[in-house]
Amino acid sequence: MYRDHIVKPRATESLPFMAMVAVAVFLLACVYGVGEGGLARLMGPIVLDLEAPMLRNIVVSGTLTLTLTLNLFILGRFPLKAQVVTVWCELLLLFLLFFDTFDLSYSFILSKVGFMITQGVFTTVYVSALSIAIAFVLALLGATARLSANGFAVAIASFYTSFFRGVPLLIQIYLIYLGIPQLGYVVGAVPAGVLALSLCYGAYMTEIFRAGISSIPRGQWEACRAIGLTPFQAMTRVILPQSMRLIIPPTGNQFISMLKDSSLVSVIGVWELMFLARTQGRAEFRHLEMLITAAVLYWVLSILLETVQARLEKRFDRAHR
């Protein structure tokens with residue numbers, strides 16, 4: 001009866017298992033010739049001076065195998081947070097080594113990264129923040145309409161969500177930027193991009209808000225009416241604060257997704273991050289340098305947004321607990 005309480009040994013504590021992992025990693029590294037890329041350059045001139053490519057490949061593959069095996073054997077004994085931080089750093093190093101194999105011009109990246117941050121990142125964040133704010137309002141209105149008993153409101157809201165979720169965002173951008181002037185209203189590239197992003201993500205967030213509001217028991221609406229609150233007061237003071245615990249996580253994901261999809265507005269000439277990455281790399285045929293720089297900047301922005309989202313989730317979840 002004490003069988004369930006027996007602590008089973010970890011796979012990383014089994015020497016046969018570790019030996020099989022080491023052999024598999026070594027053979028794969030040798031087959032794919034990892035000794036010819038950035039790993040060899042990282043290990044320094046001692047490895048690079050080896051004239052025989054086969055010997056160099058074996059040395060680098062053996063070093064890689066030893067490192068990964070020690071990771072599995074040693075990191076398993078660290079606290080969870082230390083494991084996560086260590087593996088993050090190692091994966092980041094592998095990414096840098098992967099980029100190093102492209103023979104990038106780092107001086108060119110350094111000469112352009114400042115302009116991409118001050119101009120491209122600012123425009124990207126500005127367009128995304130304005131779009132998510134408008135989308136938030138559209139989603140709240142759309143969710144309220146979908147949950148109402150008014151057939152006219154339900155029809156409009158359902159048509160809105162169906163169309164803007166069913167049509168690709170790139171087509172929506174072109175339709176707004178090229179179609180609205182046909183009605184006699186000339187719109188700039190930035191307003192057209194913001195409008196397209198707002199309408200598209202407002203449709204997705206409508207369903208998120210509807211699910212969050214629907215999770216609140218119907219009795220709370222009745223209690224609000226019993227104490228004399230108007231529907232608007234009931235929504236803003238009672239229903240919405242409680243539903244935010246369920247709304248924040250998917251909304252944060254939508255914001256991160258919008259941040260990356262804002263690159264699509266570059267097709268209509270908005271000077272955001274992707275537009276600058278293409279134009280700045282075109283002059284000297286350094287497209288890869290600029291694309292990698294843009295990718296890193298997008299990633300950094302996403303990490304910052306993930307941190308803000310985690311704090312918001314913790315705050316609303318604390319009230320629930």
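Let's start in the middle of this predicted model: its largest nonpolar core has 37 residues. Leu-169, Leu-197, Tyr-201 and Met-205 have the most contacts inside that core. Six helices give two or more residues to this core: H6, H7, H8, H9, H10 and H11. Helix H9 gives the most, with 13 residues. In general, nonpolar side chains tend to be buried together in soluble globular proteins.

Here is where those contributing helices sit along the chain.

| Helix giving two or more residues to the core | Residues |
|---|---|
| H6 | 106–147 |
| H7 | 151–166 |
| H8 | 169–179 |
| H9 | 189–214 |
| H10 | 218–226 |
| H11 | 231–261 |

Now zoom in on one residue of that core. What does Leu-169 touch, if you skip residues up to four places away in sequence? The list is Ala-196, Leu-197, Cys-200, Tyr-201, Asp-261 and Leu-264. Leu-197 and Tyr-201, you may recall, are also among the residues with the most contacts inside the core.

There's a second core too, and it's separate: 13 residues, including Val-121, Ala-277, Met-290 and Tyr-298. Ala-277 leads us to helix H12, which covers residues 273–282. In H12, Ala-277 is buried, and so are Leu-273, Phe-275, Leu-276, Gln-280 and Gly-281. Take a look at the start of H12 as well: a side-chain oxygen of Glu-272 comes to within 3.0 Å of the backbone nitrogen of Met-274.

What about the outside? Leu-80, Val-84, Trp-88, Leu-92, Phe-95, Leu-96, Trp-299 and Ile-303 make a nonpolar surface patch of about 810 Å². Which helices each supply at least two residues of the patch? They are H5 (80–100) and H13 (287–320). Helix H5 gives the most, with six residues, and Leu-96 is found in H5.

Finally, step back to the whole chain. How many helices and strands does the protein chain have? There are 13 helices and zero strands, so the pattern along the sequence is simply α repeated, by the way helices and strands are assigned. Of the 321 residues, 34% are buried. The chain exposes about 19500 Å², and carbon and sulfur atoms supply 70% of that area. As for contacts between residues at least 6 apart in sequence, 73% join residues at least 24 apart.

Definitions and conventions
Residues are numbered from 1 along each chain as its sequence is written. This is a predicted model: local features need pLDDT of at least 70, side-chain atom pairs count only at pLDDT 80 or more; totals for chains, interfaces and linings use all residues. Side-chain values use heavy atoms; hydrogens and water are left out. Patches are made of residues with over 30% relative accessible area and no salt bridge: like charges are joined within 9 Å, nonpolar side chains (Val, Leu, Ile, Met, Phe, Trp, Tyr) within 5 Å. Accessible areas come from the Shrake-Rupley method with a 1.4 Å probe; for residues, only the protein chains shown count as cover. A salt bridge is a side-chain nitrogen of Lys or Arg within 4 Å of a carboxyl oxygen of Asp or Glu. Helices (H or I, at least four residues) and strands (E, at least two) are DSSP runs, numbered from the N terminus. Buried means under 20% relative accessible area, exposed over 50%, partly exposed in between (1.4 Å probe, protein chains only). A polar contact is a pair of N or O atoms within 3.5 Å; within protein, one must be able to donate a hydrogen and the other to accept it, and residues adjacent in sequence count only if both atoms are side-chain atoms. A nonpolar core is a set of buried Ala, Val, Leu, Ile, Met, Phe, Trp, Tyr and Cys residues joined through side-chain atoms within 4.5 Å. Contact means heavy atoms within 4.5 Å.
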